[in-house]
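Here is a short briefing on one protein model. It covers a surface patch, the nonpolar cores and one strand residue.

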Amino acid sequence: MLRFCSLLWVGLAMLCLPVMAQTPASAVTLAPKKQLQALRITEAIKLDGVLDEAVWQQAPVASQFIQNRPAPGLPERHPTEVRILYDDANLYIGAVMHDVSADSIPRQLTQRDNLDGNTDFFGIFLDTYHDKLNGYGFFVTTGGVQCDARYSPAGGEDFNWNAVWDSRTALRGTDWVAEIRIPYSAIRFSNVPEQLWGLNFMRQRKRDNQGFFWNEVKPAVDGFVNQWGELRGIRDVKPPLRLSLTPYVSAYLNRNAVSVEGQRRTTTSFNGGADVKWGINESFTLDATLVPDFGQVQSDNQVLNLSPFEVQFNENRQFFTEGTELFNKGGLFYSRRVGAQPIGYGSVEAGENDEIIRNPGETRLLNATKVSGRTSKGLGIGVFNALSNNVYATLRNTETGQEREVLTQPFSNYSIVVLDQSLKNNSYVSLINTNVTRFGRTYDANVTGGLFRLADKKNAYAVNGQLVYSRRRGNEFNSDSLINDRDGYKYKLSAGKISGNFTWTVSHGIESASYNPNDLGILFGNNNITQGINFSYNKYNPFWKVNNLYTWWGVDHSLLYRPTRYQNLVFYGGANTTFTKKFLTAGINLDASPVTRDYYEPRTQPLGEYYVRIPVNASVSGFLSSDYRKKFAYDVSLGTRWHAKDERLARPRRMHYDVGISPRYRVNNQLLFIYSVDWSLRQNQIGYIGKLNTAEPLDSAFSKQVLLGRRRVVTITNVLSTAYTFTNRMSLTLRLRHYTSDVHYQDFVRLDKDGAETLVDYRRNRDNTYNAFNLDMVYGWWFAPGSQISVVWKAASTATLDGNEATPLYFANLNNTINTPQNNSVSVKVLYYLDYLALRRKRA
């Protein structure tokens with residue numbers, strides 16, 4: 001099998017060499033670096049979007065923008081003019097975007113950090129250390145909506161980062177104007193006599209779906225920050241003292257779904273705390289959250305999990321999404337581990353005369369702190385630390401009424417240290433360490449990883465590598481048993497061509513059987529050897545009836561690491577394009593696999609003896625996305641997977657079907673509705689049925705066997721989202737989500753070693769239906785820069801129906817969900833931003 005794969009990869013590479021030779025050299029070389037001089041000012045600038053101060057006309061002008069999409073390389077037809085001024089405290093940007101008429105400038109309002117609306121926007125990019133890897137982005141739409149982002153090799157374009165800055169926009173005849181003030185406290189830079197920063201500007205003309213950059217950004221060139229121009233002329237500017245305090249107060253009114261003896265159904269709570277930002281020096285910033293309150297974050301999308309792996313949820317807590325690009329290096333940090341479900345949550349058991357009164361599902365944080373920054377030599381340093389308190393479950397004796405507490409999470413410390421050195425040619429080398437220390441009689445965990453990226457001078461080829469060591473010491477929680485995965489490792493190497501129309505990558509990696517970074521990271525199955533090769537050929541300029549064409553194809557192969565056994569082989573390919581006239585985007589994905597062995601589905605240890613055999617299968621899926629400039633638009637996706645018939649048993653073949661439909665309607669520039677429905681059917685799926693209960697008579701006869709079930713799984717998800725944006729600083733959003741998944745078992749088999757299956761007469765009804773409902777309504781008002789009032793209403797309910805109660809009828813499930821008691825919460829939170837420099841100026 002390995003020899004066959006090697007020959008196949010070599011053959012594919014030889015087939016593609018003629019294509020690679022056709023790539024013009026000019027398409028893969030960086031555009032010349034433009035330069036712009038900033039002008040120092042002494043007079044005050046009034047931020048009003050008018051640019052009527054005389055000093056604006058004295059500043060050098062950046063113009064002659066180059067199109068990036070849909071036709072890269074073309075000069076703009078409607079000129080853009082940008083000027084930069086500066087003083088001792090701020091950078092000022094004045095931009096005039098010429099157009100045909102006021103009607104040609106769309107002005108849909110969106111929430112902060114959302115550039116997906118039907119609107120034009122202007123953006124400025126700053127690489128303040130000129131390392132060509134890391135940068136800032138500040139955007140403002142025609143309606144005055146602000147967006148900001150960080151750029152890094154680890155995080156890509158990260159809109160979770162927020163800064164405090166100010167802007168104004170205005171329509172002036174056939175033009176629109178943006179005036180921006182960025183205080184130096186919002187960015188970091190070196191303390192040198194004269195600054196040299198990377199610089200670029202971007203303009204979007206939504207009417208024609210065109211994007212332009214001042215310094216040309218070529219899609220065929222790898223990287224983004226390395227394609228910016230230069231900002232010169234900023235002299236004798238000192239990095240300011242960056243010290244801000246954002247205190248908060250919040251109040252909650254909670255209504256519990258059910259009444260518990262000894263507890264009130266309606267409760268209130270009041271909280272207070274603060275976020276602190278302190279610029280330790282010109283390069284490094286300390287961010288701390290004291291007594292954090294995350295009760296207003298968007299609800300998780302709960303699902304029925306039939307897989308052997310945990311569900312990975314999005315991070316919605318701002319402290320853990322903002323400015324974390326250093327900590328995300330290497331993919332070793334899964335921030336949801338901090339403040340997660342207590343490690344002993346599932347082990348709480350009520351005795352014969354006990355009942356569980358309280359069992360908190362989250363760990364409350366005491367505080368969290370992060371220090372991050374980058375020196376003038378390109379060394380990035382990040383330190384993260386968080387503390388959580390003890391968590392207890394409460395049990396009550398039903399005879400005496402006496403209550404006792406059971407520890408489910410000991411006092412814990414979470415920490416991360418990152419060193420990231422920027423190198424020439426868009427390269428870097430990094431070292432990451434994560435650590436979890438738990439007090440008391442349990443275990444601690446430590447993970448250390450190194451990674452690198454080395455590219456050649458032409459930025460045409462690159463080698464990437466990663467080596468990680470995991471170490472755990474101590475006992476299982478509430479147990480005398482030692483941790484059995486004490487030492488493990490992972491490595492991955494890849495190399496390939498990274499720029500040009502044609503690119504390719506070969507990769508190889510190993511995750512050992514005892515590799516476990518899950519205490520502060522996330523892993524979906526270790527004990528793997530993986531290798532692959534992939535190719536891509538893209539056309540970035542319009543041809544025929546399309547604007548572009550992106551294609552990819554390749555082969556992935558994996559083995560079990562210990563014992564070394566075949567797992568799977570996947571051939572895949574795909575393409576997507578956007579049609580020129582209607583801006584309809586379409587895509588297709590294909591894959592095919594010979595017989596696969598799934599060693600994880602049986603839930604047996606050690607891996608290797610038992611596996612679920614998956615027959616030869618193939619999949620095709622596609623999507624259509626219409627033009628969002630229209631008032632009515634839609635997204636549609638279809639997919640199916642076909643399996644060959646398993647001849648070992650007399651049962652029908654497996655089939656998978658997926659359908660997704662998402663229409664959207666923009667009523668006007670302030671009101672938007674989006675509805676999405678996703679339906680999936682897993683017909684004749686073979687899967688693990690769950691743990692057997694030895695106390696259950698129908699289970700006892702099979703207690704020492706691994707049982708699989710042939711099942712029909714139907715899942716339907718409905719989401720309705722609406723947003724009304726009053727102004728560019730005030731909005732009301734509503735999100736309703738109903739999820740239902742029904743599982744119906746048709747027959748059962750005993751799984752034996754080496755994948756053998758034998759039909760058994762198992763009689764217990766294992767059908768189940770899971771329903772989840774969430775409502776999130778948020779009113780937000782940014783009443784001052786960095787200051788916000790938010791009012792949130794959240795409602796949630798979940799219900800699991802087992803055995804004969806399970807129902808495949810959708811409207812019956814919807815009715816059950818509506819009638820299930822819900823937890824309701826209404827909260828008000830006020831954040832107020834206090835900047836030390838602004839306060840000092842007021843006192844002066």
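Phe 673 counts as partly exposed because its relative accessibility is 36%, and partly exposed means between the 20% and 50% limits. The model is predicted. The points below start at the surface and then turn to the interior.

**Surface patch**
- Phe 673 is found in strand β38, which covers residues 671-688.
- Phe 673 also helps make a nonpolar surface patch of about 520 Å².
- The other residues of this patch are Phe 632, Tyr 665, Val 667, Tyr 675 and Leu 720.

**Nonpolar cores**
- In soluble globular proteins, nonpolar side chains tend to be buried together.
- Here, the largest nonpolar core has 37 residues.
- Ile 84, Leu 91, Ile 93, Phe 122, Phe 138 and Phe 201 have the most contacts inside this core.
- At least two residues of the core come from each of β4 (80-86), β5 (90-98), β6 (121-127), β7 (135-141), β11 (175-183) and β12 (197-205).
- Beyond four places in sequence, Ile 93 is in contact with Trp 56, Val 82, Arg 83, Ile 84, Phe 122, Ile 124, Ala 178, Glu 179, Ile 180, Ile 182 and Phe 201.
- Another core, of 24 residues, lies apart from the largest one. Among its residues are Phe 333, Ala 368, Ile 432 and Val 447.

**A buried glutamine**
- Gln 67 lies in strand β3, residues 66-69.
- Gln 67 has a relative accessible area of 6%, so it counts as buried.
- Leaving out residues up to four places away in sequence, Gln 67 touches Pro 72, Gly 73, Leu 74, Gln 210, Gly 211 and Phe 212.

Technical notes:
Residues are numbered from 1 along each chain as its sequence is written. This is a predicted model: local features need pLDDT of at least 70, side-chain atom pairs count only at pLDDT 80 or more; totals for chains, interfaces and linings use all residues. Side-chain values use heavy atoms; hydrogens and water are left out. Patches are made of residues with over 30% relative accessible area and no salt bridge: like charges are joined within 9 Å, nonpolar side chains (Val, Leu, Ile, Met, Phe, Trp, Tyr) within 5 Å. Accessible areas come from the Shrake-Rupley method with a 1.4 Å probe; for residues, only the protein chains shown count as cover. A salt bridge is a side-chain nitrogen of Lys or Arg within 4 Å of a carboxyl oxygen of Asp or Glu. Helices (H or I, at least four residues) and strands (E, at least two) are DSSP runs, numbered from the N terminus. Buried means under 20% relative accessible area, exposed over 50%, partly exposed in between (1.4 Å probe, protein chains only). A nonpolar core is a set of buried Ala, Val, Leu, Ile, Met, Phe, Trp, Tyr and Cys residues joined through side-chain atoms within 4.5 Å. Contact means heavy atoms within 4.5 Å.
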